[in-house]
Amino acid sequence: MALYAGIDLHSNNNVIVIQDEEDNVVGRKRLPNDLKRVCPWLESYRQDLAGIVVEATYNWYWLVDGLMEQGYSVHLANTVAIQQYNGLKYRNDDSDARWLATLLRLGLLPEAHVYPRTERAIRDLLRKRSRFVRQATMNLLSIENLFARNHGQRPSANQIRRLTLEGADAIFEDSNVALAVKSTLSVWDCLTDQIYALEVAIRGQVRLRQSYKKLRTVPGIGEVLALTIMLETGDIGRFDDVGNYVSYARLVGSSHWTNGKRKGSGNTKNGNAFLCWAFMEAANFAIRYEPKIRAYYQRKEAKTKRVIALKAVAHKLARACYHMIKENVAFDITRAFG
């Protein structure tokens, strides 16, 4: 009789439940997050185990990689797509692990992509860079706000980049305001240095694959954004069509309808936040430097909110990139924006 295992993974321990084909529990154990403890306990069930389900939590790498190396059939559960029965009065780690095993047995498990181990670290390094970019932008905006609050004018980003610590003392009479600007400027300088260091390291280790090289022909997409899109997308073949791809990039709406009436929104966070960020960044640059895309954005902005208009541009860029990667062709602005 086939057995199915579900693992409810936590920060320092995990709960393993093993069920048979009739959902009877044949094994249960809470273990520390240590492969030397997990693998020996699973060994007695190995011969009958049809698969093991692990939650796609923030710390799944060590467990999934380790189990795969031991020859187990491992499935990574997409936690945001899993729904439990709302009528349950009591839930715990055991019931969560059992539910994972049950979904696997029924063939209903929503699975997350197990990204290739060999490229995972460099992808995560790019993710670290994107976080630093967002933090640097927040600090830049903070300095702009301090200028606007105290002088009634908002300087450009280039003016702030040229600002020195001595210059801040000369501009602001109040020493506390000057200190706030200087401390924020120091953090921004540090982040800028680290972003550059990460970019140097990344460029020295990875190159655009042949099918992704044409991304550089898209307005707004430079080398770093192209690498981000490549590493966040992975194998383009895992997306059946362009709709699945832009949905994964979080660039489509989410809503629930019944009988012609809207009954709320869906799971807007289901997808890849870093891929969404990359296309939104590309959209911002494309609007700035490509007249036809800027005109499309302005028509949208006149009818709706700025962020929605920007997302519409990002959506079109993502659709174009999907076809470019699949067909290995250059960007055609007339196909994307008319």
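In what order do the five strands of the open sheet stand? Keep in mind that the model on your screen is a predicted one, and begin by selecting the strands E1 to E5, which form an open sheet in the order E3-E2-E1-E4-E5 with mixed pairing. Strand E3 (25–32) and E5 stand at the edges, and because each has a single partner strand, one side of each is left without a neighbour in the sheet. If you turn the view to look along the sheet, you can follow its twist, since neighbouring strands are turned by 20 degrees against each other on average, with direction ignored.

**The strands one by one**

Select strand E1 (3–9) together with strand E4 (49–55), and you will find a parallel pair joined over five bridges. Within this pair, Ala5 has Ile52 of E4 as its bridge partner. Now keep Ala5 in view and add strand E2 (13–19), where the bridge partner of Ala5 is Ile18. E1 and E2 pair in the antiparallel sense over six bridges, and the two strands form a hairpin with three residues between them.

Stay with E2 and colour its residues by burial: seven of the seven are buried, so this strand is largely enclosed by the rest of the structure. Its side chains divide between two directions, with Asn13, Val15, Val17 and Gln19 pointing one way and Asn14, Ile16 and Ile18 the other way, and all of them are buried.

Next, add E3, which runs antiparallel to E2 and is joined to that strand by seven bridges. A bridge to look for here is the one between Val15 and its partner in E3, Arg30. The hairpin of E2 and E3 has five residues between the strands, and in this hairpin Asp23 takes a positive phi near 65 degrees.

**The helices on the sheet**

Select helix H1 (residues 35–43), which packs on the sheet and touches E2, E3 and E4, with its direction making about 165 degrees with that of E3. Then move to helix H3, which lies across E1, E2, E3, E4 and E5 and runs at about 135 degrees to E1.

How far apart are the end C-alpha atoms of H3? They are 20 Å apart, and this agrees with the 20 Å that the 14 residues of the helix (residues 93–106) should span at 1.5 Å a residue. Both ends of H3 deserve a closer look. At the N-terminal end, Asn92 caps the helix, with a side-chain oxygen lying 3.1 Å from the backbone nitrogen of Asp94, and just after H3 you will meet Gly107, which takes a positive phi of about 75 degrees.

Show the side chains of Asp96, Ala97, Leu100, Ala101, Thr102, Leu103 and Leu104, which are the buried residues of H3. What covers them includes E1, E2, E4 and strand E5 (74–77).

**The cysteines**

For the last stop, display the cysteine sulfurs. A disulfide is a covalent bond between the sulfur atoms of two cysteines. How many disulfides does a search of the whole structure find? The search finds zero. Select Cys276 as an example: the closest cysteine sulfur, in Cys321, is 13 Å from the sulfur of Cys276, which is too far for a bond. Cys276 counts as buried, at 14% relative accessibility, whereas Cys190 is partly exposed, with a relative accessible area of 44%.

Note on methods
Residues numbered from 1 in each chain as written. Predicted model: local features only at pLDDT ≥ 70, side-chain atom pairs only at ≥ 80, totals over all residues. Heavy atoms only, no water. Helix = DSSP H or I, 4+ residues; strand = E, 2+ residues; numbered from the N terminus. Expected span 1.5 Å × (residues − 1). Buried < 20%, exposed > 50% of the residue type's maximum accessible area, 1.4 Å probe, protein only. Contact = heavy atoms within 4.5 Å. Polar contact = N/O pair within 3.5 Å; in protein donor to acceptor, adjacent residues only side chain to side chain. Disulfide = S-S within 2.5 Å. Pairing = 2+ DSSP bridges. Axes fitted to C-alpha atoms, helices over the stretch in contact; angles between N-to-C directions.
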